[in-house]
Amino acid sequence: MPLPAESYAALFRDKISKHNVNVYLVNTGWTGGSYGTGKRMDINATRKIVACILDGSIDDVTFSAPDIHFQLSFPTTLPGIDPTVLDPSLAWADRTAYQHACAKLAGQYKTNFTKFETDDFMKNIATFGPGGRALTARPEPKTNLNFFQHPCCKRNMSYDNCRRDIKVLGEGTICDANGAVLVDTGKFTGRCPKD
């Protein structure tokens, strides 16, 4: 890559924030086992999954809890899609082999991120990957207007968690050694009904 990895991570974060979008990771590669045991992902299933993302029907389904290895959630059902395509653990005949493969891959990610131990930005990104915590829970369907149930709304956070999120998500600036925080809310402050 011509630029450091953190440049691309920051660009990706900024694009997501600017356009207020959900991000989906769609497996278009291998499923059901390691090479020689598994098979290529079915192109028709991949197309149906992408269609559900594009037409918004993915917003109306239930997502799994984040998995223990990668902190990723997946839809438990999608119209016309076999659940074994959605849940990778169901596609493997040997569940023990699946768990071992996940643990090995997660370990490889962790090892790779040790290259960035001196870079605070990348080190913080690594806290959301294998062995870390999920970035956010699955958003409620768009019809739910209860603000305090939305996963992006965080209440009664500890000071340490607040500082961590400010650094990782870039939602503010820690101004001094005492920990004062500056957050620019723009013209909408949330203090009156017209906001």
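Biologist: So a helix here is a DSSP run of H or I with at least four residues, numbered from the N terminus. Which helix is Asn 44 found in, then?

Modeller: Asn 44 is found in helix H2, which covers residues 43–55. Keep in mind that this is a predicted model.

Biologist: Noted. Is Asn 44 buried or exposed?

Modeller: In between: Asn 44 has a relative accessible area of 44%, so it counts as partly exposed.

Biologist: And how far apart are the C-alpha atoms of Asn 44 and Ile 81?

Modeller: They are separated by 9.5 Å, with the two positions 37 residues apart along the chain.

Biologist: Which residues make up the largest nonpolar core?

Modeller: There are eight: Ile 49, Cys 52, Ile 58, Val 61, Phe 63, Leu 78, Ile 81 and Leu 86. Another core, of five residues, lies apart from that one, and its members include Phe 70, Trp 92, Tyr 98 and Cys 102.

Biologist: What is Cys 52 in contact with, leaving aside neighbours within four places in sequence?

Modeller: Ser 57, Ile 58, Leu 78 and Pro 79. Cys 52 is buried, at 6% relative accessible area.

Biologist: What about Cys 102, buried or exposed?

Modeller: Cys 102 is buried too, with 8% relative accessible area.

Biologist: How many disulfides does the structure hold?

Modeller: Zero.

Biologist: Okay, switching to aromatics. How many aromatic pairs does a search of the whole structure find?

Modeller: Three. One of them joins Trp 30 and Tyr 35, whose ring centres are 5.3 Å apart.

Biologist: Why is that pair called tilted?

Modeller: The planes of Trp 30 and Tyr 35 sit at 35°, and a pair under 30 degrees would be stacked while one over 60 would be edge-to-face, so the rest count as tilted.

Biologist: Where do those two stand on accessibility, Trp 30 to begin with?

Modeller: Trp 30 is partly exposed, at 32% relative accessible area. Tyr 35 counts as exposed, with 74% relative accessibility.

Biologist: And what kind of pair do Trp 92 and Tyr 98 form?

Modeller: Their planes are at 70°, so the pair is edge-to-face, and the ring centres are 5.5 Å apart. Trp 92 counts as buried at 16% relative accessibility, and Tyr 98 counts as buried at 11%. Both are among the members of that five-residue core.

Biologist: Now the loops. Where is Ser 64 found?

Modeller: Ser 64 is found in the loop between H2 and helix H3, which spans 83–86. Ser 64 counts as buried, with 15% relative accessibility.

Biologist: What is Ser 64 in contact with, leaving aside neighbours within four places in sequence?

Modeller: Leu 72, Ser 73, Phe 74 and Thr 76.

Biologist: Zooming out, how many helices and strands does the protein chain have?

Modeller: Seven helices and four strands. From the N terminus on, the order is α-β-β-α-α-α-α-α-α-β-β.

Biologist: How far does helix H1 reach?

Modeller: H1 takes in residues 5–19, 15 residues in total, and reaches 22 Å from its first C-alpha to its last, close to the expected 21 Å. Just after H1, Asn 20 takes a positive phi of about 50°.

Biologist: And what share of the residues in the protein chain count as buried?

Modeller: 22% of the 195 residues. The protein chain exposes about 14000 Å², with carbon and sulfur atoms supplying 57% of it.

Biologist: Last one: what share of the contacts with a separation of 6 or more come from residues 24 or more positions apart?

Modeller: In the protein chain, those residues account for 41%.

Technical notes
Residues are numbered from 1 along each chain as its sequence is written. This is a predicted model: local features need pLDDT of at least 70, side-chain atom pairs count only at pLDDT 80 or more; totals for chains, interfaces and linings use all residues. Side-chain values use heavy atoms; hydrogens and water are left out. Rings of Phe, Tyr and Trp (its six-membered ring) pair if their centres lie within 6.5 Å; planes under 30 degrees apart count as stacked, over 60 as edge-to-face and the rest as tilted. Buried means under 20% relative accessible area, exposed over 50%, partly exposed in between (1.4 Å probe, protein chains only). Helices (H or I, at least four residues) and strands (E, at least two) are DSSP runs, numbered from the N terminus. Contact means heavy atoms within 4.5 Å. Accessible areas come from the Shrake-Rupley method with a 1.4 Å probe; for residues, only the protein chains shown count as cover. The expected span of a helix is 1.5 Å times one less than its number of residues. A nonpolar core is a set of buried Ala, Val, Leu, Ile, Met, Phe, Trp, Tyr and Cys residues joined through side-chain atoms within 4.5 Å. A disulfide is a pair of cysteine sulfur atoms within 2.5 Å.
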